[in-house]
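Please look through the model shown here and work through the questions that follow it.

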Amino acid sequence: MKTWEENIRMVVPYTPGEQPNQPDMIKLNTNENPYPPAPGVEEILHNMPVDKLRLYPDPTAGDLVRAVASYYQLDENQVFVGVGSDDVLAMCFLTFFNGKKPILFPDITYSFYDVWADLFRIPYERPVLDENFHIRKEDYFRENGGVIFPNPNAPTGVEMPLADIEEIIRRNQDSIVIVDEAYVDFGASSALPLIDKYDNLLVVQTFSKSRSMAGMRIGFACANPVLIKYLNDVKYSFNSYTMDRTAIAAGVAAMEDVEYFRETCRKIIETREWTKEELRKLGFSFEDSKSNFIFASHETCPAEELFQALRKKHIYVRYFPKGRTHNHLRITIGTREEMEAFVAFLEKYLNHR
Ligand code: PMP
């Protein structure tokens, strides 16, 4: 080992889902939305004044902050925006998880949390989900340096009742509790109404899923103004201009089209419920999902075999081979047509193996 290597911040990076690019593919592997962004987004992009790109964007991303605040009926100073919720969450880890006690998050959850914790040298413990992949709220009633979990959880899709979330927040008033609501718009209850009641709560959401904007990279956090100020202090110590002009303008257009947003979520929920029925008929089992994916295992066919067979047909789902998730597939909900093709393939495959 070279001497300078001792000075390198070595980390094992997060592995994002594969981004294949086959013309005939059915892509159900990274929880994207199968529908395009709201029509207003396209209009904004067509009419973007290119000359303005000479100029730095508004470092506060004020228009976007105001659009989010207005939709959720919050004050501007209760909203923070970033480059996808990954950026927002990374800033949150850096800002709020700065103590000596371990932070807590589930053993099976979004696999970026331990990567950020390692990157920022934050100690952590991972309470084990119960045998049905549910978070046990009692595990979060002990001393800690912070708490974070998604609701619904990923990759399980399981929702925690809001009363249990509130209990976790209430019993942790000496630390910050972050609820990562990347998938909340697909039928779970948001903790947003609790931010006025608890000054230790941060709710993080994204435009990547329910607003069909994964490629644009917009996420946001809502909390009381004190937490938002601390978050901004860290952001401005790192990169003042996180949100570019295009993202700010397109994000506003996406946020303003409430009807399109509701209709898109409704269609995905409807297709999810249809897919659940079909998967049950084919011998799959899963915990109830309130997200835009289903985390399922088959009664006889190993997940890895299915994963490979689907892949050969250019149907991409996500497979987490390690530990307790090794016999499950995480299946993103696509359009009804995509899910029909997916189910038809499974039916044929399972009947002929
Ligand atoms: N939180 C969870 C639970 C996720 O699954 C994801 C998607 N990978 C994210 C946050 C980050 O999404 P984005 O950065 O696109 O907002």
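**Domains, salt bridges and buried residues**

Q: How many salt bridges does the rule find across the interface of domain 1 and domain 2?
A: This is a predicted model, in which local features need pLDDT of at least 70 and side-chain atom pairs count only at pLDDT 80 or more, while totals for chains, interfaces and linings use all residues. Residues are numbered from 1 along each chain as its sequence is written, and side-chain values use heavy atoms, with hydrogens and water left out. A salt bridge is a side-chain nitrogen of Lys or Arg within 4 Å of a carboxyl oxygen of Asp or Glu. Across the interface of domain 1 and domain 2, the number that the rule finds is two.

Q: Which three residues supply 33% of the area that domain 1 buries against domain 2?
A: The protein chain is divided into domain 1 (20-36 + 259-352) and domain 2 (39-256), with bounds that come from an automatic or database domain assignment. Between them the two domains bury about 2200 Å², 60% of it on carbon and sulfur atoms, where buried area is the accessible area (1.4 Å probe) that two parts lose on being put together, summed over both. The three residues that supply 33% of the area on the side of domain 1, more than any other three, are Phe261, Lys290 and Arg324.

Q: Which element gives the largest share of the side of domain 1 that touches domain 2?
A: Between domain 1 and domain 2 there are nine residue pairs in polar contact, both residues being at pLDDT 80 or more; a polar contact is a pair of N or O atoms within 3.5 Å, where within protein one must be able to donate a hydrogen and the other to accept it, and residues adjacent in sequence count only if both atoms are side-chain atoms. The elements that give two or more residues to this side of domain 1 are helix H8 (258-281) and strand S10 (293-298), helices (H or I, at least four residues) and strands (E, at least two) being DSSP runs numbered from the N terminus. The largest share, eight residues, comes from H8.

Q: Is Lys276, which meets Asp288 in a salt bridge, buried or exposed?
A: The side chains of Lys276 and Asp288 meet at 2.6 Å, N to O, and the pair links distant parts of the chain, with Lys276 in helix H8 and Asp288 in the loop between strand S9 (284-286) and S10, twelve residues apart. Buried means under 20% relative accessible area, exposed over 50%, and partly exposed in between (1.4 Å probe, protein chains only). Asp288 is partly exposed at 42%, whereas Lys276, with a relative accessible area of 1%, is buried.

Q: Which backbone oxygen does the side chain of Asn200 reach at 2.9 Å?
A: Asn200 is placed in the loop between strand S6 (177-180) and strand S7 (201-206), and because its relative accessibility is 2%, Asn200 counts as buried. A polar atom of its side chain lies 3.3 Å from the backbone oxygen of Ser175. The backbone oxygen that the side chain of Asn200 reaches at 2.9 Å is that of Asn172.

Q: What is the relative accessible area of Phe96?
A: Phe96 is placed in helix H3 (residues 84-96). Its contacts (heavy atoms within 4.5 Å) include Ile176, Leu202 and Leu227, not counting residues up to four places away in sequence. Phe96 is buried, and its relative accessible area is 12%.
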